[in-house]
Amino acid sequence: MTLTIGDVLGGRYRIVKLVGQGGFGAVYRAWDTSLHVPVAVKENLDTSPEAQRQFEHEALLLAPLRHPNLPRVSDHFFLPGQGQYLVMDFVEGKSLEQLMAERGGPLPESQAVTWIGQVCDALEYLHTRTPPIIHRDIKPQNIIINAEGRAVLVDFGISKVYDPGLSTTVGARAVTAGYSPPEQYGMGKTDARSDVYALGATLYTLLTSQVPPESVLLIAGHETLRPPHEANPGVSPAVEGAILAAMAVNTSQRLGGAGALRDALAGRAVAPLSPVVRPIAPAPTIPVEMRRGGAPGWVWGAAVLLIVLGAAAFLLLRNRGGEGTQTPEATVASIAEVTITPLAADTPPGETATVVNTVEPAVTKTIGPTPENTPTVDTPPDANRRVISLPGGASVTQLLAPAGSFLMGSDAADNDEDEVPVHPVQLDAFWIDELEVTNALFAAFAADTGHMTTDELDGAGHTVSAATGEFETVDGANWRHPEGPGSDLSGREQQPVALVSWDDARAFCAWAGGRLPTEAEWEYAARGEAALAYPWGESFNVQRVNFCDRNCPLPWSDGEADDGYRFMADVGTFAGGESWVGALDMAGNVWEWTADWYDENYYDYSPADNPQGPPQVVEGGKTVRGGAWSSEAQGVRSAVRVSVAPENGHYDVGIRCVYEVESSEVNGVEVASAGETVVAPDEDIPRVEVPAGAFVRGSTDSDPDALDDEKPQRSINLDSFWIARTETTNRQYAACVAGGGCSPPQNVSSATRERYYGEAGYDDFPVVNVRWNDASAFCRWAEGRLPTEAEWEKAARGPNGSLYPWGDEAPTCARANYNNCVGDTTAAGAYPTGSSVYGALDMAGNVWEWVADWYDGRYYAVAPDANPPGPASGQAHGFRGGAWDDEASLLRAAYRDAYLDQSFSLVYVGFRCAWDSD
């Protein structure tokens, strides 16, 4: 309920003044009648059990905080039927926003830098708590300058750390246009660097009187960041460099923490960065979701799903300049002649290295006879192998892991507690790197992109100290100098890259056209259906693994074994240790990053189909698998799980990538499935026929709403096809899940309904929270496919190119579910007056619909005139039609949209299927 002046909360806090109010609560100034001091009371009106649990958790985290630049939390309580309340110091003073308004222009640099430095101190304190506390809403309004002239960071309460799946309102408040980094829009995981971005953006505003463009527009290339000195010539080069380093849209290139920003502002060295406005892919081919005006609703939805999406983190790829070369018959020996151009150890970022390295074929280091009792796995046929060309002349060999099932985990006598219970897992097919990523390959990536690793930016890395022989944080250690200053990559080009953070690993895999493997994918590629203890079999064998033997400097080394290496070996050296798919070094050499957050209890609730890891950030870190040169024999078992902090690199952690299988046939290889044959749908899916013939696709230059990717308008001929009359419903999708053809949606909620999928009342509503791969799998199960963009557009607008499915008249709430007429999805087919000329319903509004095509903003100019199949490759798949929260211009049948990662799912995106005519 709304509080009024004079109300007394909890018999103690008398309301004095309303300070601020939002859709989910308010902040009041109150008087503590017990201590006779002013206090701030934050109100939250969500009284659901989950909200109460989150509130209690957050209050307990915030209560112990004591820092001169933070308000003190003194009390919290819950009033049944009314709300939840957090009590903290009331900070008297003016916000930086008010001070700028009073001054009528930028603040003096010296004063602004002093205040921002104090906020850096506060953030460093927050970020080093256990667990770390991330503010997530730093902006000029939330920094108060008190009577003593000290900056105090306020408004760091529960609204920023609630589970975003609870409601859109909560999630939306974690995003502030101009100050929030891309990861707060759903493009990755927030961490300390998220606050660094926001604080850099705040300083940018203080010194220029301009709010920076939204980060998602910067990363998409639709906006550029004007250098601070252009808006204010008084900004010094050092401060400008610090701002740009803090505002790097790629987290792996951003300053690593608040302390690093404080040091940069004080004039200490900052590692060089690529320009912050440099688009990672050419702007014309970047998805266009950010053209939806201001703070578009479905972008807020990305923030709502930020934690739920977990491993579906943002992967924006560079164009690779053509098709990857695929040679299924290639072998390790056949790629020995491939040359790549790595970045030499001392080559400055952005310069081209002159060292050319030839990839050597893998060799086996023979140490002794192979135990006869150790089962081995046959090498897969060459048809399951392909070689892919990468930018800069590099290449990588990939192996096919066919769809199948296995028992994940271990109940052996030497297992760890986090390896149980053993549980069945079913996985779709995927490709996986044959070898761990080498220094030479990572150098090609760094040379091509200018990528700076976290350790390079931080100025230190976690490695084995030359002085002590133990793991320590060593100044100057990074992947180029793996043991600190004085060390380099000479002779190590074919060793696995190390000292790369989780973000660095993810960025590399994105550049290579893939992603990090889930824990389940990694373990399946290592163990197979037989669930072997080690990749090669059930018995440990020193000949087949680089582990902590007598050469290893660590206290737990095995003095009786000799694998011949102190640290890393060249990748592929232990060829006898290959897994059932042919992957090498899946035991030992270096641990390998996976996509999943680590939860020791995850196996208790992991889904059986394509598990994606814990659904939210878990204290502790990301999971690494496989063991390393630093591991005991027990630690290189394929079931071993270890948690590692993702923010930094480690001398014994490296990278292996996986890649999607887009269809049941890859390079001529029929992907076999070890699971049961899926059954056909129990019920027919209503569909309408679209006859063969031409239609007008795209928009004219005279259309004021038209965008460049809708042009040129052309006549396109299509064969006849069938398309589903409505969007796929929860009921229909659940039948596919039950039949074994589909994975459950990524989340059972809709935008405003905590329970949506699986709830009988919403069976006939469109399914949401499905990835492109999920939608494609359903349509295959239904003996169809996703429609091409051309087919979708013809089915929506008819042969004559009408603006909307029903004609050229503007949308109304009687014709379509749009513009928050309803505020969430409606039943499929509920708007018969919005039918297309062919009888297809909801092709405008309700939910966006995935299409089969890769998105390319320039495709219309080069597409064939008949049955255009879409681009041969790309970074994102398209979707069409608009959703329930979109304005009218986005419902136009010609409007094209896409998302940066085809594995992404949203509460605003569903799909419908198409079928070829008989």
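Strands, like helices, are DSSP runs numbered from the N terminus; a strand (E) has at least two residues. The model used in these exercises is predicted.

**Exercise 1.** Find the loop that holds P421, and state which peptide bond there is cis.

Solution. Start with the strands on either side: strand 14 covers 404-408 and strand 15 covers 423-427, and P421 is in the loop between them. Next take the bond that joins V420 to P421: its omega is about 0°, and the bond is cis.

**Exercise 2.** Do the same for P712.

Solution. P712 sits in the loop that runs between strand 27 (693-697) and strand 28 (714-718). The bond from K711 to P712 has omega near 0° and is cis.

**Exercise 3.** Is N589 buried or exposed? Give its phi as well.

Solution. Locate N589 in the loop between helix 15 (519-527) and strand 19 (591-597). Its phi is positive, about 75°, although N589 is not a glycine. Buried means under 20% relative accessible area. The value for N589 is 1%, so N589 is buried.

**Exercise 4.** Describe the lining of the second largest cavity.

Solution. The volume of this cavity is about 100 Å³. Its lining has 13 residues, and K189, D191, R193, W502 and D503 lie nearest the centre. Sorted by type, the lining residues are 7 charged, 3 polar and 3 nonpolar. Helix 14 (residues 502-511) gives the largest share of the lining, 3 residues.

How values were computed. Residues numbered from 1 in each chain as written. Predicted model: local features only at pLDDT ≥ 70, side-chain atom pairs only at ≥ 80, totals over all residues. Heavy atoms only, no water. 1 Å grid on protein atoms, 1.4 Å probe; cavity = no way out; pocket = protein on both sides within 12 Å on 5 of 7 lines; lining within 4 Å. Points joined across faces, edges and corners; volume = space filled by probe spheres on them. Helix = DSSP H or I, 4+ residues; strand = E, 2+ residues; numbered from the N terminus. Nonpolar A, V, L, I, M, F, W, Y, C, P; charged D, E, K, R; others polar. Buried < 20%, exposed > 50% of the residue type's maximum accessible area, 1.4 Å probe, protein only.
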